[in-house]
Amino acid sequence: MAMDRIWSYAPDSGHTEGQDLTGFAVAATDGTIGHVDREAAPHAMRHLVVDTGVWVFGRSVLVPAGVVTGVDTQGRKVTLSCSRADAKAAPRFQTDSETRDQGYLRAVGDYYDRLPPRETATV
């Protein structure tokens, strides 16, 4: 995936411009990782902040929009192209100010861009 595309929803993802994904469940290729807490797009770097609940000790993870492979509006579920372990190993998200930090966002984008392609689960 090209680095600039990691920050945009794929045309076949099912995402509709202006759609609010807040509260949608988030599923990796091998299981649920949490729910969408919020969306942001500073510096044209669209991403989701996913609340993992107790799965990753109550921390959140930042997921670039390009990692989203499916949006099921009726089922209120977002599917990702990465595994649970991939999401857990991503650069640690600690504060909301990081969602506006270009250096941090580039590190996250680079991490997800380098992941090997995976079979995607259906939404």
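**Exercise 1. Identify the salt bridge that Asp-110 forms and classify both partners by exposure.**

Solution. The side chain of Asp-110 meets that of Arg-114 in a salt bridge, at 2.8 Å from N to O. The term requires a side-chain nitrogen of Lys or Arg within 4 Å of a carboxyl oxygen of Asp or Glu. For exposure, buried means under 20% relative accessible area, exposed over 50%, and partly exposed in between, using a 1.4 Å probe and protein chains only. Asp-110 has 29% relative accessibility, so Asp-110 counts as partly exposed. Arg-114 has a relative accessible area of 64% and is therefore exposed.

The model is predicted: local features need pLDDT of at least 70, side-chain atom pairs count only at pLDDT 80 or more, and totals for chains, interfaces and linings use all residues. Residues are numbered from 1 along each chain as its sequence is written, and side-chain values use heavy atoms, with hydrogens and water left out.

**Exercise 2. State how many salt bridges the structure holds, and work out which residues are linked in a network.**

Solution. Step one is the count: the structure holds four salt bridges. Step two takes Arg-38, which forms a salt bridge with Asp-37, the closest N and O atoms being 2.1 Å apart. Step three adds Asp-96, whose side chain meets that of Arg-38 in a salt bridge, with 2.1 Å from N to O. Asp-96 lies in the loop between helix H1 (84–89) and H2, and Arg-38 in strand S2, so this pair ties together parts that are 58 residues apart in sequence. Helices (H or I, at least four residues) and strands (E, at least two) are DSSP runs numbered from the N terminus. Step four joins the pieces: Asp-37, Arg-38 and Asp-96 form a network of salt bridges.

The exposure classes complete the solution. Arg-38 counts as partly exposed because its relative accessibility is 25%. Asp-37, at 32%, is partly exposed, and Asp-96, at 41%, is partly exposed as well.

**Exercise 3. Give the strand order of the open sheet and name its edge strands.**

Solution. The open sheet has six strands in the order S4-S3-S2-S1-S6-S5, with mixed pairing. Two strands pair if DSSP finds at least two bridges between them. S4 and S5 are the edge strands, each pairing on one side only. From one strand to the next the twist averages 35 degrees.

Now take individual pairs.

- S1 and S2 run antiparallel and are joined by four bridges; a hairpin connects them through two residues. Ala-28 stands opposite Gly-31 in S2.
- S1 and S6 run parallel, with three bridges between them. The bridge partner of Ala-25 in S6 is Lys-77, and Val-26 stands opposite Val-78 in S6.
- S5 and S6 pair in the antiparallel sense over four bridges. Val-71 stands opposite Val-78 in S6.

In general, strands of a sheet pair through backbone hydrogen bonds, either parallel or antiparallel.

**Exercise 4. Locate the residues His-43 and Arg-76, which have a positive phi although they are not glycine.**

Solution. The background is that most residues other than glycine have a negative phi. His-43 has a positive phi of about 55 degrees and lies in the loop between S2 and S3. With a relative accessible area of 43%, His-43 is partly exposed. Arg-76 has a positive phi of about 50 degrees, and its place is in the loop between S5 and S6. These strands form a hairpin with four residues between them. Arg-76 counts as partly exposed at 41% relative accessibility.

**Exercise 5. Describe the largest nonpolar core: which residues touch the most other members, and which elements supply it?**

Solution. A nonpolar core is a set of buried Ala, Val, Leu, Ile, Met, Phe, Trp, Tyr and Cys residues joined through side-chain atoms within 4.5 Å. The largest has 30 residues, of which Leu-21, Ile-33, Leu-48, Leu-62, Val-78, Leu-80 and Tyr-112 touch the most other members. At least two core residues come from each of S1 (25–28), S2 (31–40), S3 (47–51), S4 (60–64), S5 (68–72), S6 (77–80) and helix H2 (102–113). H2 gives the most, with four residues.

The last step places this helix. H2 lies across S3 and S4, running at about 70 degrees to S4. Contact here means heavy atoms within 4.5 Å; axes are lines fitted to C-alpha atoms, for helices over the stretch in contact, and angles run from 0 to 180 degrees between N-to-C directions.
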